[in-house]
Amino acid sequence: MKKLILLCSVMMLIGRQAAATFELNDSVGGGKAVLSLSDGIVQEQDKGSQPEDKQGEEDKGIFSFMDFSFFKKNKPKLTAMPNERRETFIERVTRQAEEGNVDAQLSLGYMYLYGEDGVGIDYKKAFTYYNMAAAQGDNIAINNLGSLYFSGIGTEKNFTKAAQLFEQAAQLGNTEAAVNLAFIYLTKNSSLNNPREAIQQLKAASDAGNPTAKFLLGYSYFKGLVVEQNYKKAFVLMRDAANAQYADAEYLLGYMYLNGLGITKNYGNAVKYFTYASNQGNVDAMIELGNMLAAGTMYTKDLYRAHILFNIASVHGVPSAAEKRDYLEKKLKIEEFLQAQAEAEKFEEKPSELTSYIKQTFGDNIRRYIDENMSFNAGLNK
């Protein structure tokens, strides 16, 4: 089975269990599937194949690492050949890779990248086997090879080569490669900066159903970055990304329902999507939901729940969250206040698979990155 590897920010999340003991549910929110985070890439690296700690001027502001482990799939079933001495798994998969078996090449590339199944980490060998699979036109291997060139793993960094490989994989139907290419094109500090082409890549990937591309394109329409601002288009794309359980999309969809942007105001739906996003740990959604519940003018007042939300957001350093929490503390009975504190303390976010993937691939705050880079060229098409 082929394995997918993608660009990832330096700040990778450490794998952990996502079994929460408390969830910010309400009557319209409903529960969502609990998923666990994947392990981050192994940090111990072979001398000579270790990615540079410092990036050059060329890649300043571009994501410089990858998430090789997020889409872990079963190993391919490779047919054993009758021999006098039974082959080990490593011997068999290596033989089949050398014979041209793409699945074996991809599997070995992954194994050497992580030091799995009895082999040690060897980035140069990982690069060699991904290169072999890419030479046979496999779009996943081509995308993965582009990621290795991008981050300088097993080879020297080469952003131009990475972009060429991403473009090749995208033309072969790999929508993740199209998103990777879009990020290179939209980065203002890159010599490959081309925001118009970034939008075209996002449109193609979005049309093919890629939820990450749908969010990025929807956010572009929402903010009017490179494209003309269009709330209706933004709403449709954001709804698709939210239905795929991406937390930022859930937050923005709730915001659009709250303010009637591209859709008729619907406070119940706003609370629902803010709740979904809050349960995934989205602090922006927590503040918006807390404000609604504390005011009680657009939705049923719930000071207890609002206090919990503000308390959690304050731990994440959200400005004014602590002040809002302390104000509500005086409005609660002592037993309510103590219980609210206990609930906030045991809250654990439950990110969806898509939310975890996007964070691991593009960082904790993809909207800020888009704002900083796409707004640099926001007036191009206006």
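This section describes salt bridges, aromatic pairs and two helical regions in a predicted model.

The structure contains 8 salt bridges. One of these links K214 to D240, with 3.2 Å between the closest N and O atoms. K214 is located in helix 8 (residues 211–223) and D240 in helix 9 (residues 231–243), so the pair ties together parts that are 26 residues apart in sequence. The two partners are covered to unlike extents: K214 is buried, at a relative accessible area of 15%, whereas D240 is partly exposed, at 30%.

A further salt bridge is formed by R367 and D284, whose closest N and O atoms are 2.5 Å apart. Because R367 belongs to helix 17 (residues 366–374) and D284 to helix 12 (residues 283–295), this pair ties together parts that are 83 residues apart in sequence. R367 has a relative accessibility of 13% and counts as buried. For D284 the relative accessible area is 32%, and the residue is partly exposed.

R325 and D326 also meet through their side chains in a salt bridge, at 3.0 Å from N to O. D326 is partly exposed, with a relative accessibility of 33%. Elsewhere, E87, R95 and E99 are joined into one network by salt bridges that share partners.

R367 is also among the contacts of D248, a residue of another helix. D248 is placed in helix 10 (residues 247–259) and is buried, at 8% relative accessibility. When neighbours within four places in sequence are set aside, D248 is in contact with F215, N282, I366 and R367. The contacts of D248 therefore include R367, the buried partner of D284 in the salt bridge described above, as well as F215, a residue of helix 8.

F215 takes part in the aromatic pairing of the model, which comprises 16 aromatic pairs. The ring centres of F215 and Y219 are 6.0 Å apart and the ring planes stand at 10°, so the pair is stacked. F215 and Y219 are 4 residues apart in helix 8, a separation of about one helical turn. Both F215 and Y219 are buried. Y219 forms a further stacked pair with F222, with 6.3 Å from centre to centre and 20° between the planes. Y219 and F222 likewise both lie in helix 8, where 3 residues, about one turn of the helix, separate them. F222 is buried, as is Y219.

These three residues of helix 8 belong to a wider aromatic cluster. The cluster consists of F215, Y219, F222, Y231, Y246, Y251, Y255 and F274. Among its members, Y231 falls within helix 9 (residues 231–243), while Y251 and Y255 fall within helix 10 (residues 247–259). Helix 10 is also the helix that holds D248, and D248 is in contact with the cluster member F215. Helix 8 thus contains K214, the partner of D240 in a salt bridge, and, among the aromatic residues, F215, Y219 and F222.

Helix 16 (residues 353–362) is mostly covered, with 9 of its 10 residues buried. The buried residues are L354, T355, S356, Y357, I358, K359, Q360, T361 and F362. G363 follows helix 16 and has a positive phi, near 100°.

Terms used: Residues are numbered from 1 along each chain as its sequence is written. This is a predicted model: local features need pLDDT of at least 70, side-chain atom pairs count only at pLDDT 80 or more; totals for chains, interfaces and linings use all residues. Side-chain values use heavy atoms; hydrogens and water are left out. Buried means under 20% relative accessible area, exposed over 50%, partly exposed in between (1.4 Å probe, protein chains only). Helices (H or I, at least four residues) and strands (E, at least two) are DSSP runs, numbered from the N terminus. A salt bridge is a side-chain nitrogen of Lys or Arg within 4 Å of a carboxyl oxygen of Asp or Glu. Contact means heavy atoms within 4.5 Å. Rings of Phe, Tyr and Trp (its six-membered ring) pair if their centres lie within 6.5 Å; planes under 30 degrees apart count as stacked, over 60 as edge-to-face and the rest as tilted.
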